[in-house]
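The exercises below are meant to be worked with the sequence and the coordinates open side by side. Each one sets a task and then goes through a solution step by step.

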Amino acid sequence: MSRVYFSSDSDDLALVRQSLTGQTEAFGTLVTRYHRVMYTVALRMLGNAEDAQDATQEAFVKAYQRLASFDPSYRFYSWMYRILVNECLNVTRDRRPEDTLAEDTPGSSDPFDSAVAEERRDQINMALLQLTPEYRAVVVLRHFAGQSYGEIAAALAIPEKTVKSRLYSARQRLGELLLGWKEQGKDEDR
Amino acid sequence: MIGPELEALLQGALDNTLTADERAQLARMLSDSPQARERAAELSALAGLIESPGLADAPAGLVDHVLAHVSRHPHARLATFQRGTAVNKKILFGLAAAAAIVLAVITYNSNPPATVGTEATIGAAQRAQSPQIAAQDVKLGDTSTQDVLQTETFDAILKDETLRNMLQDSEMRARLANADLRRSLEDDAIRRALKDSSLARRLDDENLRQSLNNAELAKKYDDANMRALLSNRAFAEALRRQEFRNLLKTPGYAAALASDTMLRAIRDRNFEAALKSQRFAQSLARGARVQ
């Protein structure tokens, strides 16, 4: 992952401290800084724009309410991911089965975005939704949020070993769905 | 045939977690095996495909909604208690009182005073209490530690490798939990003694050991700063412990104990509670990994 979405930890920490002293605009800076990547994570987790917006808003509000319990030895955005993923997992648990296939995932606002790209995006979203939420969370945090094994483990409260094994299984399943890889156990060459 | 070792290396390469040796090993495997190269290409293509949608455009109202909520509820210092109901507050005060009684009993029954080994008892008491509080964002008994963790001083401790390592030592934290010892660190003469490069050598000195058990000898010690240190009851008591003397002989530790950062820490009224908290120690350890 070469994309960088994050500001420096000390800068975030200073903003957290300012927020705790009542400077609400400092928290606003954090929201502005991270809302897009957080929304993307929620969207890939939930596959539904409305649910993703609700989950992202709720995660930021909960983070704000719990700001005094933030442990500054963690990165702010890692802590945010933990809150957000829990929020998304709660949404998926409360969902009726038919809701999981909602297709109103938004594309780019770019009017020149090609139909091919949109179709591919839809395929990826549909493939992600076929993973269990726990496996999906690992893939989304790794591939869309650029989190390390350790950060994913902390966000999901699972061992790093589990992160690796879930990532492997999830990639294998996505390879089958998106690239036509042979299913595990059926491919005697591998 | 793609074996588990090669698969693990390929996945590690995808996630940038390989060491230099592992990268070299993978390069050899890729060079030797067309199947390995094919699998590497498959994984790379999959990762590229998964990531191809990139970041989504968030709905315009998202940020505004959050900011509107934040502006309606500006933070107070005790924000962790904001969402508690009146019933929760009663529970909190009751549990806080119970914790105070437990601490008082421990202190009263301990001889010498309870500065060692109480962490587990307090921790167990806190763990036993926490399930009784329904709101997951309320952490009873831990706000003092949390307050310390959010100070500039703690930030400075994390950035000072020597100080950070020293405070991870349970023996050091146990000694510093003694209020008298902490007060002694505000004494300029004692701080000069701790910063003196001859301290490590003096700690092995037979005269010093005898002075620790003999107040008259302590008064006659040849160095004025050391005399202040040896004459301080709390410090002398700590120095009778081999473990504490060994810590002070660790390069940089004694000076760290007399540092300005440490002085700010011991003047923080929540520092003692933090020293006794497992969370403080864990935060130091995590901080060490992050730095």
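**Exercise 1.** What span should the 18 residues of helix α3 (residues 34-51) of chain B have at 1.5 Å a residue, and how far apart are its end C-alpha atoms?

*Solution.* This is a predicted model, in which local features need pLDDT of at least 70 and side-chain atom pairs count only at pLDDT 80 or more, while totals for chains, interfaces and linings use all residues. Residues are numbered from 1 along each chain as its sequence is written, with chains lettered from A and ligands numbered from 1 in the order in which they are written.

Begin with the assignment: helices (H or I, at least four residues) and strands (E, at least two) are DSSP runs, numbered from the N terminus. The expected span of a helix is 1.5 Å times one less than its number of residues. For α3(B) the expected span is 26 Å, and the end C-alpha atoms are 26 Å apart, which agrees.

**Exercise 2.** Determine which residues of α3(B) are buried, how they are arranged about the helix axis, and what covers them.

*Solution.* A residue is buried if 20 or more other C-beta atoms lie within 10 Å of its own, exposed if 12 or fewer, and partly exposed in between, the C-beta atoms being placed from the backbone. By this criterion Ala36(B), Ala40(B) and Ile50(B) are buried in α3(B). Next, take the arc, which is that of the directions from the helix axis to the C-beta atoms: the buried residues of α3(B) fall within an arc of 95°, so they line one face of the helix. The face turned away from that buried side carries the exposed residues Pro34(B), Ala41(B) and Gly48(B).

Finally, look for the cover, using contacts (two residues are in contact if their C-beta atoms, placed from the backbone, lie within 7 Å). The elements covering the buried residues of α3(B) include α5 (115-129), α6 (133-143) and α8 (160-179) of chain A, together with α1 (4-14) and α2 (20-32) of chain B.

**Exercise 3.** Describe the side of chain B that touches chain A.

*Solution.* Count the residues on both sides: 43 residues of chain B are in contact with 48 residues of chain A. On the chain B side, α3, α4 (61-72), α7 (143-149) and α22 (278-290) each supply at least two residues, and the largest share, eight residues, comes from α4(B). For the composition, Ala, Val, Leu, Ile, Met, Phe, Trp, Tyr, Cys and Pro count as nonpolar, Asp, Glu, Lys and Arg as charged, and the others, Gly among them, as polar. The residues on this side of chain B then divide into 21 nonpolar, 13 polar and nine charged.

The model scores ipTM 0.82 and pTM 0.53. Chain B averages a pLDDT (the predictor's confidence in each residue, from 0 to 100) of 77, and 75% of the residues score at least 70. Over residues 77-92 of chain B the pLDDT is below 50, although this stretch has 26 contacts in the model beyond near neighbours in sequence. Residues 110-141 of chain B also have a pLDDT below 50, with 48 contacts beyond near neighbours in sequence.

**Exercise 4.** Locate the largest nonpolar core and its most connected members.

*Solution.* A nonpolar core is a set of buried Ala, Val, Leu, Ile, Met, Phe, Trp, Tyr and Cys residues joined through C-beta atoms within 7 Å. The largest one has 59 residues, of which Met38(A), Val41(A), Ala42(A), Met80(A), Tyr81(A), Leu84(A) and Leu141(A) touch the most other members. Helix α2 (residues 24-46) of chain A gives the most to this core, with 12 residues. Leaving aside neighbours within four places in sequence, Met38(A) is in contact with Thr56(A), Ala59(A), Met80(A) and Leu84(A). A second, separate core of 42 residues includes Leu181(B), Leu199(B), Phe280(B) and Leu284(B).

**Exercise 5.** Establish the setting of Arg191(B).

*Solution.* Arg191(B) lies in helix α12 of chain B, and it is buried, with 23 other C-beta atoms within 10 Å. In α12(B) (residues 188-195), Ile190(B), Arg191(B), Ala193(B) and Leu194(B) are buried; they cover an arc of only 155° around the axis, which puts them on the same side of α12(B). Leaving aside neighbours within four places in sequence, Arg191(B) is in contact with Leu185(B) and Ala258(B).
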